[in-house]
Amino acid sequence: MHPQVGPTLQKGAHSGHRRVATMDIPSKGGVLLGSHNFPCEIGFAKSVDYLVEPSDLTNFTQFSLKYIDREQKTSSNNVFDLRFGGHQTLEERQQSFYAKNQTLHCGFVKGPPGYPSTGFEINEKDKAYMNTCKIVVSSCIFGNSDFLRRPTSKQISGYSKDNVCFVMFVDEQTLSKLSMEGNVPDDGGKIGLWRLVVIRNLPYKDMRRTGKVPKLLSHRLFPSARYSIWLDSKMRLHIDPMLILERFLWRTKSEYAISNHYDRHCVWEEVLQNKRLNKYNHTAIDEQFNFYQSDGLTKFDPSDPNKLLPSYVPEGSFIVRAHTPMSNLFSCLWFNEVDRFTSRDQLSFAYTYLKLKRMNPDKPFNFNMFKDCERRTLAKLFRHRITVLPS
């Protein structure tokens, strides 16, 4: 398999290899699946040996993004509220939605000189490794919220084992718990295919919000990477990552892929469900939702032939990305909403995407929202170790 830039997928890449995952029926081991939510058939490429990365990635919308690294005090007193996401004004927020050469907030914002770190600290050895990654599969466990679920090794090609970075971000609490359970990293920092990267000084008290840093900002954490695949820690990957890139990005000429929600498709429904299950502070949800409605968010209409997405609610546990300018911009914008409002990223997804499209009508964003049953074929879903309490 040679994923260097080439003219096209070689003959045989689309030949009829089809894979159907075993149905994840709730029983032993905490596997989680609703009664009607089963995996479905996906036509993957026959083998990674036949894949060549397409050369037309430069046909995507091109512009240059830079990121605000440090903020200065805006008042004469010595009080400065350090924030990992920075202090983005509403005007800066509005301007950041334009797909143009710009410098914008996108996490990792330091305070003025002499102030302490805003968090998400990574040691230099791990940073050096992450800077070498060209294709990444990543996940995270913070607050000891999950077991370590290793990718199904026999389904991962030798090429991917040698050339794809599998990175699991953990905090010190999680690392300690994993070690007590016998999951001790080897001399290379690995447990199976996962290389554990320990994050110190978490930027948010809310573990769910902290988890959005590696989930949405892979282009910041892996600055040399061309592609990344994110999966929540409640999932075990059992499809080769190169086959995933070919099926969900290369074949569809997409730069961002995420599945629709298995049940809900309208943000109004998602808001009600979050409140019903007490997923987050109700007042904070209302503040966010009211803001979005005032800025043009409308209900999802499945009968609208001109709808921009098949659903306004994603199942955000699995994301496949090419690190293109539009993909990176969307990721920054989505993260900024999570930083500004609630950590429930499904509430801000559609608003962010629709506003980006509305403000850039002549600049394509090649987006692939695939079926949730396909997501279930990519990885097996388990229950969390612990339930994260609402904020």
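**Exercise 1. Classify Phe-120 as buried or exposed, and describe its aromatic pairing.**

*Solution.* In this predicted model, Phe-120 has a relative accessible area of 4%. The cut-off for a buried residue is under 20%, so Phe-120 is buried. The next step concerns the partner ring. Phe-84, at 3% relative accessibility, likewise counts as buried. A pair of aromatic rings is described by the distance of the centres and the angle of the planes. For Phe-84 and Phe-120, the centres are 6.3 Å apart and the planes stand at 45°. Planes under 30 degrees apart count as stacked and those over 60 as edge-to-face; the pair is therefore tilted.

The final step is to place both residues in the chain. Phe-84 belongs to the loop between strand S3 (65-67) and H1, and Phe-120 to the loop between strand S4 (102-104) and helix H2 (124-131), so their pairing ties together parts 36 residues apart in sequence. Both residues also belong to a cluster linked by ring pairs, whose members include Phe-108, Phe-142 and Tyr-204. The structure holds 31 aromatic pairs.

**Exercise 2. Determine which parts of the chain are linked by the pair Phe-349 and Phe-367.**

*Solution.* Begin with burial: Phe-349 has a relative accessible area of 0% and is buried, and Phe-367 is buried at 16%. Their rings form a tilted pair, 6.0 Å from centre to centre with 45° between the planes. Phe-349 lies in helix H11 and Phe-367 in strand S13 (residues 367-370), so that the pair links distant parts of the chain, 18 residues apart.

**Exercise 3. Establish where the buried residues of helix H9 lie around its axis, and what covers them.**

*Solution.* First, consider the dimensions. Helix H9 (residues 282-294) has 13 residues and spans 18 Å between its first and last C-alpha, close to the 18 Å expected at 1.5 Å a residue. Second, list the buried residues: Ile-285, Gln-288, Phe-289 and Tyr-292. Viewed down the axis of H9, the buried residues fall within an arc of 95°, so they line one face of the helix. An α-helix has 3.6 residues a turn, so residues three or four places apart point the same way.

Third, examine the surroundings. The cover over the buried residues of H9 includes helix H1 (90-96), helix H8 (267-276), helix H10 (325-340) and helix H11 (345-359). On the other side of H9, Thr-283, Glu-287 and Ser-294 are exposed.

Finally, inspect the ends. Asn-281 caps the N-terminal end of H9, with a side-chain oxygen 3.0 Å from the backbone nitrogen of Thr-283. After H9 comes Gly-296, with a positive phi near 105°.

Notes:
Residues are numbered from 1 along each chain as its sequence is written. This is a predicted model: local features need pLDDT of at least 70, side-chain atom pairs count only at pLDDT 80 or more; totals for chains, interfaces and linings use all residues. Side-chain values use heavy atoms; hydrogens and water are left out. Helices (H or I, at least four residues) and strands (E, at least two) are DSSP runs, numbered from the N terminus. The expected span of a helix is 1.5 Å times one less than its number of residues. Buried means under 20% relative accessible area, exposed over 50%, partly exposed in between (1.4 Å probe, protein chains only). The arc is that of the directions from the helix axis to the C-beta atoms. Contact means heavy atoms within 4.5 Å. A polar contact is a pair of N or O atoms within 3.5 Å; within protein, one must be able to donate a hydrogen and the other to accept it, and residues adjacent in sequence count only if both atoms are side-chain atoms. Rings of Phe, Tyr and Trp (its six-membered ring) pair if their centres lie within 6.5 Å; planes under 30 degrees apart count as stacked, over 60 as edge-to-face and the rest as tilted.
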